[in-house]
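Reader: I'm new to this one. Can you walk me through what the labels mean as we look?

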Amino acid sequence: MSSQIDHLLNESRRFSPSPEFAAQAIGTAELYDEAKADREAFWARQANELITWDKSFTEVLDWSNPPFAKWFADGTLNVAYNCLDRHVEAGNGDRVALLFEGEPGDSRAVTYAELTDLVKRAANVLEGLGVTKGDRVALYLPMIPEAVAAMLACARIGAIHSVVFGGFSADSLRSRLDDAGAKLVITADGGYRKGKVSALKPAVDMALADRNGEGEQATVEHVLVIRRGENEVEWTEGRDLWWHEEVEAASPDHTAQGFEAETPLFVLYTSGTTGKPKGILHTSGGYLTQAAFTNRVVHDIHPETDVYWCTADIGWITGHSYVTYGPLANGATQVLYEGTPETPHPGRWWEIVQKYGVTVLYTAPTAIRSFMKQGRQIPQEFDLSSIRLLGSVGEPINPEAWVWYRDVIGGGHAPIVDTWWQTETGAIMISPLPGVTELTPGSAQNPIPGIEVSIVDEKGEEVEDGNGGLLVVTSPWPSMLRGIWGDPDRYVDTYWRMFADKGYYFAGDGARKDEDGDIWLLGRVDDVMNVSGHRLSTAEIESALVGNEAVAEAAVVGASDETTGQAVVAFVIIKENYLRAHKADGLAQNLRLWVGEQIGPIARPRDIYIVGELPKTRSGKIMRRLLRDVAEGREVGDTTTLADTAVMSVISKQVK
Ligand code: WTA
């Protein structure tokens, strides 16, 4: 099978940064030249300028044992000191670090001085519980300031945190606790979601119970419980401790010690397409360098004036790099919102933007498309004029959603940075620089300065511009994963085996470079369809569907077909406004023709199903594997990682 992915969609709109934006932007065109001239010297400069080292490094990159990289290895630093104390020492202790907004409407501003104090106390609590360098601490928490503090308290003492998203079940939590060999769990009584307290502590209790009755005990010694939800909790004496009691009793003095740059910082589990979740390991110096650098130049953070808001949960890599580490290393002020976008009303996010005067907003295409589905009248009720820059991450953003985002949320002028990266890459890899790049809606465009990527065929040969292929990273980068926790062979097999002779990192995504050199992400290679010998990407057909005025969201899959090998099957959600004004009769047929007109007859879906929801993971990615089961008339596979497990039975019924 050829790895060539056919290209069907053309986008000719271009948006240049305004002269005012370009004049104030931190990331400049010279960065590309500097990085090209000497990549290692470029990263060394970033590491020296953005980070305060206890002991300077003399070696930048050690790649003598690929694919196990070491960056800045003989330097020492304390990550928490870099995110906290140094800002206080520089006289910025009164600057707000976190503008916390609880879902019920309670709010709290936490300054750098206050957050530093909290983290010092929490570090003392952890040490008092016998947690030391290299120990694993699991965090199972709502989006509250203490969650950020808990991550930093671990970092401060050299312990390795592993955040498990609060929406995961007791079973998922237990398997991650076991894999990591966690010594401590930090959780909360609950957190507010959709107007209710969603309990967390009971799931921890269940996870830690001897579940199979065979005496299989978890490695966890203590559970620290943050009070948030005013929930009744069961208590295991000797094991469970209230965070607030321990923190209040702890000493406010704690000296941050410098650790070697390759000291593990965190393990974050990510579900692969198959099999058990992978514990992605990140370390300290290189990770912090690239997280801080990209937050500065891609999100264009001016710490004195910006109010930044990344909507990701700390349970995902985006919450690690662009809520906790990057922005705090840069001394930024950011919004932290606990709840869901539609609670208590569908304009909640826009109310928050108005309330805090958010200037830079970073979110996911799935959120943008769900706002499109509800209609622009909702955000238009609020004053969004403070917004000057928008960002997108997690999935391809189709051009229609991109333009809607810019017009409706960005006032028709805010640049959009479409940022491609992964849990494994640790930080942004491909993205425009908002003051430099002429923007192309739907394309992540160029590797950032200091990053080298290529689009290749299955032999590792670069494909010609205009053609699609496999996205690879061709040289090591500072925030790259250092391995899979406890499984070095799986690390090599998953990411490096495919192009072992070239030494390329295989990202698992399809991509295309167009004639202008812009990179278009085409979706996961596992989802590519083969229709009559043409390899079609999910992203392009979905994008064409969402380009129709009726469609809010779309997912396409390849279903086996006797004549064409595979046929395109589409699942679409119709916009609420459209449904109010039109009949849905004949809509599926019209959409088939529409796709044919937009990108050619080969891509015309065989079947289009109009559905109310799409199956998504808890981080908002569409699970096409399950839709393929429905399209091929099979029993639907494992749905445990879905945000809403009921969705598939509804879709199956709608399809029948
Ligand atoms: C996809 C999220 C297109 C891609 C930071 C990648 C994207 C996977 C983009 C990683 C983007 C992320 N355009 N696709 N801008 N950003 N992806 O590990 O398939 O949750 O491999 O990290 O999301 O997802 P992860």
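Author: Sure. Let's begin with the ligand: a residue is near a molecule if one of its heavy atoms lies within 4 Å of it. Keep in mind that this is a predicted model.

Reader: Which residues are closest to the ligand?

Author: The ligand has 16 residues around it, and the closest are Asp418, Thr419, Gln422, Thr423 and Asp509. Helix 12, strand 20 and strand 25 each supply at least two residues of that shell.

Reader: What makes the pair with Lys621 a polar contact?

Author: The cut-off is 3.5 Å between N or O atoms. An N or O atom in the Lys621 side chain is 3.1 Å from an oxygen atom of the ligand, so the pair counts as a polar contact. Pro396 also qualifies: one of its backbone N or O atoms is 3.4 Å from a ligand nitrogen. As for cover, the protein buries 90% of the 530 Å² that the ligand exposes when taken alone.

Reader: How do you know that strand 21 and strand 22 pair?

Author: Pairing takes at least two bridges. Strand 21 and strand 22 are joined by four and run antiparallel, so they count as paired. One of the bridge partnerships links Val456 with Leu470 in strand 22.

Reader: Why are strand 21 and strand 25 called edge strands?

Author: The open sheet has the order 21-22-24-25. Strand 21 (453-456) and strand 25 (519-524) each pair on one side only, which is what makes them edge strands.

Reader: What lies across strand 25?

Author: Helix 17 (residues 538-546) does; it lies across strand 24 too, and runs at about 100 degrees to strand 25.

Conventions
Residues are numbered from 1 along each chain as its sequence is written. This is a predicted model: local features need pLDDT of at least 70, side-chain atom pairs count only at pLDDT 80 or more; totals for chains, interfaces and linings use all residues. Side-chain values use heavy atoms; hydrogens and water are left out. Contact means heavy atoms within 4.5 Å. Axes are lines fitted to C-alpha atoms, for helices over the stretch in contact, and angles run from 0 to 180 degrees between N-to-C directions. A polar contact is a pair of N or O atoms within 3.5 Å; within protein, one must be able to donate a hydrogen and the other to accept it, and residues adjacent in sequence count only if both atoms are side-chain atoms. Accessible areas come from the Shrake-Rupley method with a 1.4 Å probe; for residues, only the protein chains shown count as cover.
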